[in-house]
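I opened this entry to record how the protein meets the nucleic acid and how its copies are arranged. My notes follow the display.

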Number of protein chains: 2
Amino acid sequence: MAAADLFAAVGYEATSMASVARGAGVTTTTIYWYFEDKETLLVAVLDHLLQETLAGLGDRDDESPVDLLMWVVDRLTEQRRLVSTVHALAGRSPTVAVWHDAFHELTDAMLAEGLRQEGVPEPLVPATTRLGVFAIEGLVMHPLSRAEQRAVLELLSTVR
Amino acid sequence: MAAADLFAAVGYEATSMASVARGAGVTTTTIYWYFEDKETLLVAVLDHLLQETLAGLGDRDDESPVDLLMWVVDRLTEQRRLVSTVHALAGRSPTVAVWHDAFHELTDAMLAEGLRQEGVPEPLVPATTRLGVFAIEGLVMHPLSRAEQRAVLELLSTVR
DNA sequence: TACGTTTCTTGAACGCCATGCAAGAGCAAA
DNA sequence: TTTGCTCTTGCATGGCGTTCAAGAAACGTA
């Protein structure tokens, strides 16, 4: 998909529908036959990216929890621009908001399950999950050195 | 400032320079005489809001740390739309990025100082500060009940 | 093979937006 | 009164997301 490349290269906002069409060798109107609007196109790209990432995650359920989180942070950091685009758009576009909510439902559940297997007591799981998600999003959005990232995640693993 | 009202009412993206001008009873060109572009106007509004919030914070340095954080989260949540706008724009606009960095430098320092006074050991201050900031931003961006918010902040205060 | 219907593509438009520019009003100093 | 500066205006420009009427291509049916 040409849109995915452009979103990754210059970002969603800087990508015009005309440039997507040019990249696909068609006209803008053709894009609109397949996707209702630009936001729907974005959601399609997000779904595609999510599939890829989930597949990659399946290949490494052997590593330690912190290493696993670091890997997820790395993948999301590669798409930092899209992440903040989604957050900004979710507040004003129902289309993107639906995807964003579904995404969190999925990832929050995965993290919660991981925490349970690490022995986090059940009543603490919800709040710990949320704090974990917030930490991941924070690490993705604010550039820190690898050591600093790890320090935050290690600190996070001391809550009780 | 008319721009501040419009940004708060409908958001930055949905606010056209024409509507700002109309609200101020002038022409768009006049706005451009005072502000270089729309992003510079945004930064002026952000500065204004920050001044107000800092003043309000000065009136309540008596409350408990968690209550203080809750209050900050409340103020930021009222401006949730602007918060995510700033995050999205900081990645592609130098103007907004500069303001965003300065904002974090200020607020991170304030939080770090608060943590020291709460007895957090010095070597843990940097990572704890970051985790705290991430928690605040997460709470601002994701709607949770008051009890859930408090649970996350209480959990956060148990790290060591 | 021919025809009707559905699927896909196109070029040209529309309305909105942020921004630029040349000209002029208002006003103070000389 | 003239000069020069600050401020405001109307108009224009180029780009954007999106729409629409029209036609081409593909396909099922006879």
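I began with the phosphates of DNA strand D in this predicted model. A polar side-chain atom of K38(A) is placed 2.9 Å from a phosphate oxygen of the strand. I then looked up Y32(A), where an N or O atom of the side chain is 2.6 Å from a phosphate oxygen of DNA strand D.

Next I turned to the bases. I noted T29(B), which has a polar side-chain atom 2.7 Å from a base oxygen of DNA strand D.

I then listed the surroundings of the strand. I found 14 residues around DNA strand D, the closest being M17(A), T29(A), Y32(A), T29(B) and W33(B). Of the atoms of DNA strand D within 4 Å of the protein, sugar and phosphate make up 64%.

I sorted this surface by residue class and recorded five nonpolar, seven polar and two charged residues. Which elements supply at least two residues each? I noted α3 (28-34) of chain A and α3 (28-34) of chain B. The largest share, four residues, comes from α3(B).

Last, I checked the relation between the chains. I superposed chain B on chain A by a rotation of 180° with 0.1 Å of shift along its axis, at an RMSD of 0.0 Å. The two copies are therefore related as by a two-fold rotation axis. In chain B, I found V159(B) closest to the rotation axis, with its C-alpha at 2.3 Å. I also recorded that 100% of the interface residues of chain B are interface residues in chain A as well, so the copies meet through the same surface.

Technical notes. Residues numbered from 1 in each chain as written. Chains lettered and ligands numbered in written order. Predicted model: local features only at pLDDT ≥ 70, side-chain atom pairs only at ≥ 80, totals over all residues. Heavy atoms only, no water. Least-squares fit on C-alpha atoms with pLDDT ≥ 70 in both. Contact = heavy atoms within 4.5 Å. Near = heavy atom within 4 Å. Polar contact = N/O pair within 3.5 Å; in protein donor to acceptor, adjacent residues only side chain to side chain. Nonpolar A, V, L, I, M, F, W, Y, C, P; charged D, E, K, R; others polar.
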